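Hi everyone, thanks for making time. I'd like to walk you through a structure that's new to most of us, so let's get it up on the screen.

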Amino acid sequence: MPDWMRWQIEGIVWLQGLQPPWAIAFWRLMSFLGEEQAFLLILPALLWGYRKREALYAATGLLLGSYLTFVLKDLFAMPRPFQIAPDQVRVLLPGGEALGYGLPSGHALNAAALWGTLAGMVGRPFFTAFAIGLVFLIGLSRIVLGVHFPHDVLAGWGIGTLVALLMVYGAPRVVHRLASSRRQGVLLAAGAVILLFLAHGTRETAVPLGAWLGMVWGAIGESWRNGFQPGGPLWQRGLRLAFGLFTVGVVYG
């Protein structure tokens with residue numbers, strides 16, 4: 001085992017030894033906030049109860065981050081800490097395991113992509129501090145729970161931040177240029193998805209690519225009818241969100 005990997009394993013064992021029993025539930029909650037089930041609650045709440053533009057950009061950042069996660073995991077094929085040192089590192093997840101390769105951490109990458117995009121678009125210091133804190137805790141949870149090395153999480157944070165910067169500063173320019181032609185937007189979105197799938201076509205990459213294409217086509221089609229805006233009084237937003245989450249749950253189930 002290389003020294004740089006052994007030092008990280010020792011750090012994970014030290015962190016796990018510091019945790020009181022009640023803290024494990026907290027770290028599991030933080031880990032859950034980086035999983036797709038949590039995103040299926042967060043993104044509809046943004047779309048139907050807050051602002052459509054922020055929700056669509058955040059979802060795009062998340063799905064691009066998910067695609068890159070699987071591409072990079074297959075590229076590097078790096079093990080997880082409990083696979084290297086099963087007698088030292090405990091897996092503290094309820095199922096007792098984590099699947100797939102380690103580098104980068106998908107939880108850290110996706111959290112940084114989504115919350116970084118939102119922080120950049122909202123532009124309020126308090127929300128930015130909240131987003132940074134949440135991304136940090138989600139990434140740290142993966143180390144404490146024994147399913148990722150620190151370098152996995154650091155790589156995830158770095159790549160996710162780059163995705164967020166692309167969403168905040170690059171994507172709006174592309175959308176602005178395509179806004180004049182819906183047909184061109186439909187074709188270019190399909191072409192981009194096909195090219196990305198041909199670059200790395202697996203079942204795992206097909207899921208975020210297909211989700212993004214459906215979202216983009218839906219947004220373009222909805223814009224033909226003057227566009228949905230998630231405004232209105234709180235009771236109306238709550239009712240809309242409840243119906244939307246029920247529909248998402250049925251489709252997901």
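Let's start with one residue: in which helix is D152 found? It's in helix α8, which covers residues 150-178. Before I go on, keep in mind that this is a predicted model.

So, D152. This aspartate is buried, and yet it has no salt bridge. The nearest side chain of opposite charge belongs to R80, and that one is 6.3 Å away. For a salt bridge we'd need the nitrogen and the carboxyl oxygen within 4 Å. What does the side chain of D152 reach, then? It reaches the backbone nitrogen of F149, at 3.0 Å. And if you leave out residues up to four places away in sequence, D152 touches G102, L103, P104 and S105.

Two of those neighbours deserve a second look. L103 and P104 are joined by a cis peptide bond, with omega at about -5°. P104 itself sits in the loop between α5, residues 81-84, and α6, residues 106-122.

While we're on loops, have a look at A77. You'll find A77 between α4, which is 52-76, and α5. Its phi is near 50°, so a positive value in a residue that isn't glycine. A77 counts as partly exposed because its relative accessible area is 37%.

Now the charged pairs. How many salt bridges does the structure hold? Three. D3 pairs with R6, with the closest N and O atoms 2.9 Å apart. Those two are three residues apart in helix α1, residues 3-18, so about one helical turn separates them. R6 also pairs with E10, this time at 3.3 Å between the closest N and O atoms. E10 and R6 are four residues apart in α1, which again means about one helical turn.

The remaining pair is R51 with E54, where the closest N and O atoms are 3.3 Å apart. Here R51 is partly exposed, at 38% relative accessibility, whereas E54 is buried, at 6%. Going back to α1 for a second, shared partners join D3, R6 and E10 into one network of salt bridges.

Last stop, the surface. L29, F32 and L41 form a nonpolar patch there, and together they have about 260 Å² of accessible area. L29 lies in helix α2, residues 21-32, and with 45% relative accessibility it counts as partly exposed.

That's my tour, so over to you for comments.

Conventions
Residues are numbered from 1 along each chain as its sequence is written. This is a predicted model: local features need pLDDT of at least 70, side-chain atom pairs count only at pLDDT 80 or more; totals for chains, interfaces and linings use all residues. Side-chain values use heavy atoms; hydrogens and water are left out. Buried means under 20% relative accessible area, exposed over 50%, partly exposed in between (1.4 Å probe, protein chains only). Lys and Arg count as positive and Asp and Glu as negative; His and the chain ends are not counted. A polar contact is a pair of N or O atoms within 3.5 Å; within protein, one must be able to donate a hydrogen and the other to accept it, and residues adjacent in sequence count only if both atoms are side-chain atoms. Contact means heavy atoms within 4.5 Å. Patches are made of residues with over 30% relative accessible area and no salt bridge: like charges are joined within 9 Å, nonpolar side chains (Val, Leu, Ile, Met, Phe, Trp, Tyr) within 5 Å. Accessible areas come from the Shrake-Rupley method with a 1.4 Å probe; for residues, only the protein chains shown count as cover.
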